[in-house]
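Hi there,

Here is the structure I promised to pass on to you. Have a look at it first, and then read my notes below.

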Amino acid sequence: MLLPLLVLLIALCVALGGWAAWFVVRDRAVILNQLWGGAVVEGVLIAQAITAAIRGATHEPPSDPLLFWGYMATALIILPIAAAWAFAERTRWSSVVLLVAALTVAFLDYRLWQIWTAA
């Protein structure tokens with residue numbers, strides 16, 4: 001895992017979560033642009049998974065590979081599920097779903113870093 005990629009991903013998740021929180025406060029449903037923002041976060045997450053796989057195979061593997069890849073798989077599926085749910089739910093709660101998903105992915109990414117760097 002690369003620290004700049006981690007920082008970028010967490011910043012994007014927090015930005016997406018803030019955008020969704022603004023919509024929660026304003027009692028609005030998720031819009032398509034927010035889902036595109038989630039797709040950008042997912043793309044960076046996929047790049048991080050590829051980077052982790054390459055670095056794990058060639059340099060230093062994570063301290064607990066099973067736990068690491070379990071967290072990675074979970075992080076990879078949360079945003080697509082949340083996006084589908086938010087798209088189907090056309091009320092304010094769709095924004096809540098996107099907010100929770102974005103913050104969850106940020107937390108999971110932080111945990112991935114902890115697992116990767118554990119001694």
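Let me start towards the end of the chain: residues 93-113 are 100% helix and 0% strand, with their end C-alpha atoms 30 Å apart. Please keep in mind that this is a predicted model.

That stretch also appears in a record. UniProt, in an unreviewed entry, gives the feature "transmembrane region" to residues 93-113, and also to residues 36-54 and 66-87. In the model, residues 36-54 are likewise 100% helix and 0% strand, and 27 Å separates the C-alpha atoms at the two ends of that span.

What does the chain as a whole look like? It has four helices and zero strands, so to read it from start to finish is to follow the pattern α-α-α-α.

On to the overall dimensions. The C-alpha trace spans about 45 × 20 × 20 Å along its principal axes. The radius of gyration is 15 Å, which agrees with the value near 14 Å that a compact globule of 119 residues would have.

Turning to contacts and burial, 82% of the contacts with a separation of 6 or more are between residues 24 or more positions apart. Of the 119 residues in the chain, 39% are buried.

And the surface? The chain exposes about 6,300 Å², and 75% of this comes from carbon and sulfur atoms. As for charges, the chain has 6 positive and 6 negative ones, and the mean positions of the two groups are 11 Å apart.

Enjoy exploring it!

Best wishes

Terms used. Residues numbered from 1 in each chain as written. Predicted model: local features only at pLDDT ≥ 70, side-chain atom pairs only at ≥ 80, totals over all residues. Heavy atoms only, no water. Rg over C-alpha atoms; globule rule 2.2 N^0.38 Å. Buried < 20%, exposed > 50% of the residue type's maximum accessible area, 1.4 Å probe, protein only. Contact = heavy atoms within 4.5 Å. Areas by Shrake-Rupley, 256 points an atom, 1.4 Å probe, with all protein chains shown as cover. Lys, Arg positive; Asp, Glu negative; His and termini not counted. Charge placed at Lys NZ, Arg CZ, Asp CG, Glu CD. UniProt positions renumbered as here; feature names shortened; annotations may be inferred.
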